[in-house]
Amino acid sequence: MMEQITSIQNPKIKLLTALQQKSSERRKAGLFVVEGRQELEHCIAAGYQIDTVFYCPELGAEAPADIRSFAVTKAVYEKIAYRGSTEGLIAEVRTRNLRLDDLKLSERPLIVVLESVEKPGNLGAVLRSADASGVDAVVVCDPLTDLYNPNLIRSSVGAAFIVPCVACSSDECIRFLKARGIQILTAQLQDSRLYYDTDMTAPTAIIMGTEHDGLTDLWRQAADAHIRIPMLGCIDSLNVSVSAAILMFEAVRQRQSLVPVKSEFNAGKVGT
């Protein structure tokens with residue numbers, strides 16, 4: 001019977017904990033942490049390389065075939081697990097850093113761009129909606145969180161492995177979109193039209209800023225059109241993941257009918 005890891009002072013557990021807590025350790029080791037059976041299944045299906053699995057037999061978990069695995073006691077697992085409903089499985093996985101040129105886009109791509117997103121939970125929620133709405137890719141420009149933050153992985157419920165996600169500068173992203181004829185729609189309150197009055201059946205990138213600061217002038221000037229969600233209450237903004245979901249599914253609605261919205265933008269009357 002395999003000897004179990006019984007102490008959180010074990011070097012392997014210390015490395016796992018460091019990977020959970022520090023982006024610098026994730027970059028240094030080229031590893032990130034995935035917790036839970038469902039998330040791990042999505043990760044494997046997406047072609048990620050599993051480096052090490054920690055499993056807890058007391059919770060009914062078994063060592064996966066052909067993957068380096070270590071058994072841990074229930075007491076150790078409870079110290080390293082963020083959630084109690086993860087079926088006793090935690091894995092260290094090799095990072096995979098996509099570039100813009102690696103993206104395989106559809107004929108009429110839909111891309112979501114987030115500028116300087118701060119909260120990993122928000123990015124995870126956007127990825128979950130992006131998967132549900134069939135978005136080609138999510139691009140994170142000038143990120144303030146790394147793409148393998150455990151909170152991001154958890155909140156995405158596995159979508160972080162399914163939806164292609166790239167980190168780059170805003171300048172790089174703008175050049176990429178312009179070179180491919182993808183229209184840039186910036187979500188902003190100023191000088192904007194209602195989102196459902198803008199055609200999203202063409203190749204489209206929806207650009208979202210932070211809730212506090214919005215988008216920088218770089219994106220405002222690069223935009224083909226500025227769009228907004230009507231706010232009928234006292235609060236003038238929504239959580240970025242909620243706003244992104246609304247706009248993504250408007251694109252889905254329009255593309256299902258394939259009837260372009262008739263607006264001044266379609267006629268080329270809206271300047272940048």
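Colleague: Before we turn to the sheet, what must be found between two strands for them to pair?

Modeller: In this predicted model, two strands pair if DSSP finds at least two bridges between them. With that rule, 4 strands form an open sheet with mixed pairing, and their order is 1-4-2-3. The requirement to keep in mind is therefore at least two bridges.

Colleague: Which strands stand at the edges of this sheet?

Modeller: The sheet is open, and its strands follow the order 1-4-2-3. Each edge strand has a single partner strand, so one side of each is left without a neighbour in the sheet, and this applies to strand 1 and strand 3 (69-71). Between neighbouring strands of this sheet the average turn, with direction ignored, is 20 degrees. The strands at the edges are strand 1 and strand 3.

Colleague: In which sense do strand 1 and strand 4 pair, parallel or antiparallel?

Modeller: The pairing of strand 1 with strand 4 extends over 5 bridges. For one residue the partner can be named, since glutamate 35 has isoleucine 90 of strand 4 as its bridge partner. The sense in which strand 1 and strand 4 pair is antiparallel.

Colleague: At about what angle does helix 1 run to strand 4?

Modeller: Helix 1, residues 11-21, lies across strand 1, strand 2, strand 3 and strand 4. Another helix, helix 3 (residues 37-45), lies across strand 1, strand 2 and strand 4, and runs at about 130 degrees to strand 1. For helix 1 and strand 4, the angle is about 70 degrees.

Colleague: Which residues of helix 1 are buried?

Modeller: Among the elements that cover the buried residues of this helix are strand 1 (31-35), strand 2 (50-55) and strand 4 (89-94), and the cover also includes helix 2 (23-29), helix 4 (74-80) and helix 6 (150-156). At the start of helix 1, a side-chain oxygen of asparagine 10 comes to within 2.8 Å of the backbone nitrogen of lysine 12. The buried residues of helix 1 are Ile13, Leu16, Ala18, Leu19 and Gln20.

Colleague: Is glutamate 250 buried or exposed?

Modeller: Glutamate 250 belongs to helix 10 (residues 240-257), and leaving aside residues up to four places away in sequence, glutamate 250 touches Tyr195, Tyr196 and Met200. The side chain of glutamate 250 is also joined to that of glutamine 254 by a polar contact of 2.8 Å. Because buried means under 20% relative accessible area, and glutamate 250 has 6% relative accessibility, this residue counts as buried.

Key
Residues are numbered from 1 along each chain as its sequence is written. This is a predicted model: local features need pLDDT of at least 70, side-chain atom pairs count only at pLDDT 80 or more; totals for chains, interfaces and linings use all residues. Side-chain values use heavy atoms; hydrogens and water are left out. Buried means under 20% relative accessible area, exposed over 50%, partly exposed in between (1.4 Å probe, protein chains only). Helices (H or I, at least four residues) and strands (E, at least two) are DSSP runs, numbered from the N terminus. Contact means heavy atoms within 4.5 Å. A polar contact is a pair of N or O atoms within 3.5 Å; within protein, one must be able to donate a hydrogen and the other to accept it, and residues adjacent in sequence count only if both atoms are side-chain atoms. Axes are lines fitted to C-alpha atoms, for helices over the stretch in contact, and angles run from 0 to 180 degrees between N-to-C directions.
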